[in-house]
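Q: Please take one part of this structure and describe it closely, step by step. I should also like to see how that part relates to the rest of the chain.

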Amino acid sequence: MRIWTPGHNYLTDTLIMWGITSILVVREVLKDYSSVKIIGSGGRYCIELPDLDLNKFNTEFCEYVRDIIDLEGLEQLIKARRRRALGGVVRGTIRDAVDPDTRSGVAKAIYNLISQKIDLSVFTEDHKIKFREGRVGGKGLTLYIPLSGIYGKFATFEHEYKDLRYSVCPACVAFAAIGMNEMAIISRRRTERVYVVFGFDGEVTLDKLAPFIREDWQTVVEDILNRAFRNDASLTALGQAFLVFSNIPEEVRKKMPNVLWYLIIYSYDVGRTKRITGFKPLDLMPIKDLITKIIDIEPNYRYLPGLLRTLIERVSVEKGGDEIINLMAEYSINRDPYLAYKIVRLLRSLIDKLSEQKAAEKRVRQRLFSLLDLSLAEALLSAV
Ligand SMILES: [Zn+2]
């Protein structure tokens with residue numbers, strides 16, 4: 001069997017791809033993952049599944065869904081026609097990651113999918129046209145903003161919101177939500193949620209992608225981003241990407257297959273305003289190249305993740321630690337040696353600004369001293 005993501009947009013399609021592949025990997029649906037091929041191309045993915053037992057997939061889908069939804073509770077709410085309360089049965093990472101309306105929409109989509117029996121073969125190349133999806137006045141479910149990001153540019157036409165509704169089938173909503181639940185990095189910045197989603201162009205087999213899906217590396221990265229935001233670090237999207245990638249545990253980072261990775265970083269205010277507050281697709285390759293060179297290739301500097309974690313401590317941020325991360329990220333694009341010198345000089349001046357009299361500052365100052373040596377400058381310059 002060969003299936004395609006629908007072609008809604010980069011984000012939704014990537015989430016749907018992760019939703020499908022996550023079920024396959026997390027629920028161990030297949031014996032041999034090397035026969036499954038995933039081809040990303042311009043924000044759409046084709047998945048070749050030569051040996052898939054559809055019945056087994058459906059059983060495992062239902063088992064998976066039990067972990068993120070209280071199905072009995074959902075059934076009762078549906079029977080009682082309490083549409084707006086449906087989101088209450090959603091568990092899992094996604095629960096806190098989206099607003100109540102999206103949560104209810106996800107619960108409804110999963111309910112529809114299970115009661116109609118899931119059929120992966122709906123994802124034909126012309127799925128979007130066949131199911132009258134998009135802004136075409138179809139009667140389907142709404143593709144919620146946290147799963148699409150696409151309403152951002154229509155924010156000024158809020159009175160037309162209903163007319164512009166982007167409608168999709170339950171499978172699109174459900175798999176996008178599962179993809180978010182399993183693979184997105186979700187952090188908090190006051191009432192906003194900041195999401196980071198990895199996507200790729202190129203061809204890879206599922207056995208190569210499986211470690212990236214199976215390991216729970218997201219929580220490590222989420223903790224770091226949360227701490228950065230809590231400490232009011234002002235990081236550019238590139239700076240966030242740099243912090244994210246450098247803190248993926250080494251064993252997972254090294255196993256990431258060789259495809260052309262990109263990141264979608266976007267944020268959504270789940271508070272009262274309910275709007276997209278940022279949306280940026282970024283090419284990960286320059287960042288991946290720089291970080292790999294700094295950490296893994298001699299002359300190397302293995303303390304990079306620890307250094308970045310120290311730079312987002314509150315006392316560091318107050319004295320410009322966040323700016324150093326932004327500069328390092330910029331250096332991944334623009335390998336000007338001047339930038340490397342500037343990074344080292346700013347680190348030096350950050351240490352000077354940290355007081356030896358105040359306990360918190362002294363602690364960070366000492367840690368920076370212990371983390372810094374000539375190898376950082378060597379590693380940075382060898383990446384020019
Ligand atoms: Zn669909």
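A: Strand β6, residues 185–189, pairs with strand β7 in the antiparallel sense, and 5 bridges hold the pairing. The model discussed here is predicted. One bridge of this pair can be located by residue, since Arg189 has Glu192 in β7 as its partner. The two strands form a hairpin with 2 residues between them, and in that turn Arg190 has a positive phi of about 50°.

The other pairings of β7 come next. Strand β7 covers residues 192–205 and also pairs with β2, again in the antiparallel sense, over 4 bridges. In that pairing Lys37 stands opposite Thr205 of β7. A further partner of β7 is strand β8, residues 260–269, and the two run antiparallel with 10 bridges between them. Here Val196 faces Ile265 in β8 across the pairing. As a general point about such elements, side chains in a regular strand alternate between the two faces of the sheet.

From β2 the pairing can be followed onward. Strand β2, residues 37–41, pairs with β3 in the antiparallel sense over 5 bridges. Within this pair Ile38 stands opposite Ile47 of β3. β2 and β3 also form a hairpin with 2 residues between the strands, where Gly42 takes a positive phi near 55°. Strand β3, residues 44–48, is joined in turn to strand β1, residues 2–4, by 3 bridges, and these two strands run antiparallel. Trp4 is found opposite Cys46 in β3.

Helices belong to the picture as well, and one of them repays a closer look. Helix α2 spans residues 54–68, and at 1.5 Å a residue its 15 residues should span 21 Å; the end C-alpha atoms are 21 Å apart, so the expected and computed spans agree. Its buried residues are Phe57, Phe61, Tyr64, Val65 and Ile68. Viewed down the axis of α2, these buried residues fall within an arc of 100°, and therefore they line one face of the helix. Asn55, Glu63 and Arg66, on the other side of α2, are exposed. The cover over the buried residues of α2 includes α1 (10–26), α3 (71–79), α4 (94–97), α5 (100–116) and α7 (170–183).

These parts can now be placed in the whole chain. The protein chain has 18 helices and 9 strands. Its domain assignment gives domain 1, made of 2–187 + 199–215, and domain 2, made of 285–382. The centres of domain 1 and domain 2, taken over C-alpha atoms, are separated by 39 Å.

The overall dimensions complete the description. Along the principal axes, the C-alpha atoms of the chain fill a box of roughly 65 × 45 × 35 Å. A compact globule of 384 residues would have a radius of gyration near 21 Å, and the chain has 22 Å, so the value agrees with that expectation. Of the 384 residues, 45% are buried. Among contacts between residues at least 6 apart in sequence, 72% join residues at least 24 apart. The pairing of β7 with β8 offers an illustration of partners from separate stretches of sequence, with Val196 opposite Ile265.

How values were computed. Residues numbered from 1 in each chain as written. Predicted model: local features only at pLDDT ≥ 70, side-chain atom pairs only at ≥ 80, totals over all residues. Expected span 1.5 Å × (residues − 1). Buried ≥ 20, exposed ≤ 12 C-beta atoms within 10 Å, placed from the backbone. Arc of directions from axis to C-beta. Contact = placed C-beta atoms within 7 Å. Rg over C-alpha atoms; globule rule 2.2 N^0.38 Å. Pairing = 2+ DSSP bridges. Domains from an automatic or database assignment.
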